[in-house]
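User: I am new to reading protein models. Please take a close look at one strand and its partners, then set that part in the wider chain.

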Amino acid sequence: MGYREIYQERNEHAAERFALVTERIRQAAECPEAAAPFADYFQKTAVFILLAVKVLHMEQDGLLEQRPLEECRELNRQLYADILPEAQASGGNLQASGSGSECSGAGYESSYADPAYAVRMLGDDFGGPLCFLYAECRALAAYAFEGRVSDMTILMELYVEIYTCFCDRDGTDAQEIRKILYWHFHDYSEIMAAQSVREQIDPQLDFFTGIVRSADLDSLSYLYRYGEYISENEIRTAEFLRTLSEEQIQAMADTFTEGYRIGFEVTGKDISKKKTVSVHYAIGFERVVRRAFENFEKMGLAPVVYRDAVSSMGSRGHGKRGCYSVSANRQFDFDHRNDNAYYLDKAFVERRLEVLRDAYETHKELAAVFGGPAVQEIFGEAPFASAGKTEAAHYDEKQQQLIVYYANQAGQITNRYIKGEERSFTIIAYPVAAIGPDYEQIFAETVRLNTLDYVHYRDMQQRLIDVLDQAQQVHVTGAGANETDLYVSVWQLEQPQKQTAFENCVADVNIPVGEVFTSPVLKGTHGLLHVTGVYLNGLFYKDLKLSFEDGMVTDYSCANFADEAENRRYIHENVLMQHDTLPMGEFAIGTNTTAYRMARDYQIADKLPILIAEKTGPHFAVGDTCYSHAEDTPVFNPDGKEIMPRDNERTLARREDASKAYFNCHTDITIPYDELDAITAVLPDGRKLDVIRGGRFAVPGTQELNIPLEQP
């Protein structure tokens, strides 16, 4: 059974409703009954919906798989034109079948998808909710490519219900519209949440794996079968990978899948108990992903792939996962990241948690054999400095608390069915064409980074650990404009001959090689962490500062906006993830100076993903530790010593109340070598041993790490 058969029964039950709602939307597109200024909104939104309906009909007739490349490009442009930045949105038009109108967006800044434009055109009361409705309707394109008639029907009926309110000659009010939106998401949360769980663990949902396995990768038209936005990044990636030999492609796939296998091995977990692996990848990399699928299948693992979130129910806005492409417009993503504020309340959260439990219970056999994610990330886009908009949806204080509560409870539910002590992961990253004219050279250099001799690094990193294991605290100070002055408390070893406080991280789950890390003791960890510029979860931060006391964040600021309150809200939402405070969950020293040198030579330091950036200097994670939900599983370094600080003072609370132990987030913040003065181990007797001094490694036997830093 595949995805078509799984959706078939629901689709058949929805067929009559779909026909009726489509006809009503066709009428809205041809002659909207709503009064000005709403007629324009409903007409344009209806035209987009009918374009998605046309895609569905093409899917049902088997026409999406074999289309001329130019037709693919034109349809893709039309589906995304009105959320593209205006400079990218020009081009031809494609009629929505039978509508008599054309879907011809002039760009995001003059689109009802932009909250600022929607409020300006539709007023304060209606602009926000109708903007949210249109952003939600954009999920129809993805549903159409997958042939999900039932899901399209549900969303189209929401549109018609709200449209009908505006056709009433006696008018409507904003409270009524908000109430309709609220109850729609409450009523359908069960279907949506259950579908989300299954998509992550069931290999029978094979829409994406089917494309990877069957597509003619020599024809770029396959890129458009997903229904995602396709830019020059996806096209040039696919074209570049076609120039590589089969041996090179296989080597890339092997690096990826071996990292996953070794992750189980080094943590003493039995991979033979697992039957599935969730593969996350960027469109354009199918040549590598196909080989990775074959590798995983040889391990006895069936690949599972799901789509990056297209609905507010999937929490858009904090990085991409699943199968994804470069964002059509990151400002659109940012503006709509909190859209679930329109229906988020205590009742919704409790119902969603109940459904989550039921979904996992229904699919508990699938959940038990799920091995964890194998993630491929991309990097290269210019850092995104968001434009904050008061018109966009924002959480109130109660909703912020509910977000934290839901994440905590959902994490516990998930861990009961997909046990942390039994699963693993791996993650790797490659550049895309947006990185600049040196794309191919940077790609080749990244491949080299991902295959550095981990044994050589392991031995140098062990020398660092031998010093750090003696420390009671580690003192970190910045250089130049960097104001960092931070003391990190270190776990005190009872049996140094058998125990260690730092993990020697080689190229297994985190590729490339290059860090040693620990879970800090929170008591006594204090001071200021400062980075002059950093890119976290797709967002840029200027002069980010976090103050710590006993390991917890006590204050924070940045210089992104003129308004200090806006700066604090930006950090609270996107670094603290709505928590009032977070612990320092990790302290690490990145040792991959080769990666740092690549970033400097090609001037791409601001474009590196955290996966690579964290290896280019000391970094500090706010949130959970690296051993979250697996603290009781012994972990050993290559030298056989057990890594002891898998807990901190917060995670120990899991034994009485897990809701107080975990924060369900982990954000790494890196100080680059050129902003670093010193890292010094402070021993219990007061002696000090330099690990880094003047931005250079000072431990005997590690000086080789300085060579890339000192080359002109």
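Analyst: What follows starts with one strand and then widens to the whole chain.

First, the ground rules. This is a predicted model, where local features need pLDDT of at least 70, side-chain atom pairs count only at pLDDT 80 or more, and totals for chains, interfaces and linings use all residues. Residues are numbered from 1 along each chain as its sequence is written, and side-chain values use heavy atoms, with hydrogens and water left out.

The strand is S8, residues 473-478. Strands here are DSSP runs of E with at least two residues, helices are runs of H or I with at least four, and both are numbered from the N terminus. Is S8 enclosed or open? S8 is largely enclosed by the rest of the structure, because 6 of its 6 residues are buried. Buried means under 20% relative accessible area, exposed means over 50%, and partly exposed lies in between, using a 1.4 Å probe and protein chains only.

Now look at the side chains. In a regular strand they alternate between the two faces of the sheet. In S8, Gln473, His475 and Thr477 point one way. Val474, Val476 and Gly478 point the other way. Residues on both sides are buried.

Which strands pair with S8? One is S9, residues 485-489, which runs antiparallel to S8 over 5 bridges. Another is S20, residues 676-682, also antiparallel, with 6 bridges to S8. Two strands count as paired if DSSP finds at least two bridges between them.

Gln473 is a handy place to see both pairings. Opposite Gln473 in S9 stands Ser489. Opposite Gln473 in S20 stands Val682. The link from S8 to S9 is a hairpin with 6 residues between the strands. In that turn, Gly480 has a positive phi of about 65°.

Next, a second covered strand. S7 spans residues 426-431, and 6 of its 6 residues are buried. Thr426, Ile428 and Tyr430 point one way from S7, while Ile427, Ala429 and Pro431 point the other way. S7 runs parallel to S6, residues 370-379, and 6 bridges join the two. Val375 has Ile427 as its bridge partner in S7.

Follow S6 onward and you meet a loop leading to helix H16 (397-417), where Thr390 sits. Thr390 counts as exposed because its relative accessibility is 68%. Thr390 lies 21 Å from Asp173, C-alpha to C-alpha, and the two are 217 residues apart in sequence.

For a buried loop residue, go to Glu146. It lies between helix H6 (139-145) and helix H7 (149-167). Its relative accessible area is 5%, so Glu146 is buried. Leaving out residues up to four places away in sequence, Glu146 touches Tyr3, Tyr7, Phe207, Phe208 and Arg307. Contact means heavy atoms within 4.5 Å.

Some backbone angles deserve a look too. Most residues other than glycine have a negative phi, and most peptide bonds are trans. Asp543, in strand S14 (residues 539-549), has a positive phi near 50°. Asp543 is partly exposed, with a relative accessible area of 27%. Gln578 also has a positive phi, near 75°. Gln578 belongs to the loop between helix H19 (564-574) and strand S16 (584-590), and is buried at 6% relative accessible area.

Two cis peptide bonds can be found as well. One joins Ala36 and Pro37, with omega about 0°. Pro37 is in the loop between helix H1 (3-30) and helix H2 (38-60). Another joins Ile511 and Pro512, with omega about 15°. Pro512 is in the loop between strand S11 (503-505) and strand S12 (515-518).

Finally, step back to the whole chain. The chain has 22 helices and 22 strands. Of its 712 residues, 60% are buried. Its C-alpha trace spans about 80 × 55 × 50 Å along the principal axes. Among contacts between residues at least 6 apart in sequence, 75% join residues at least 24 apart.
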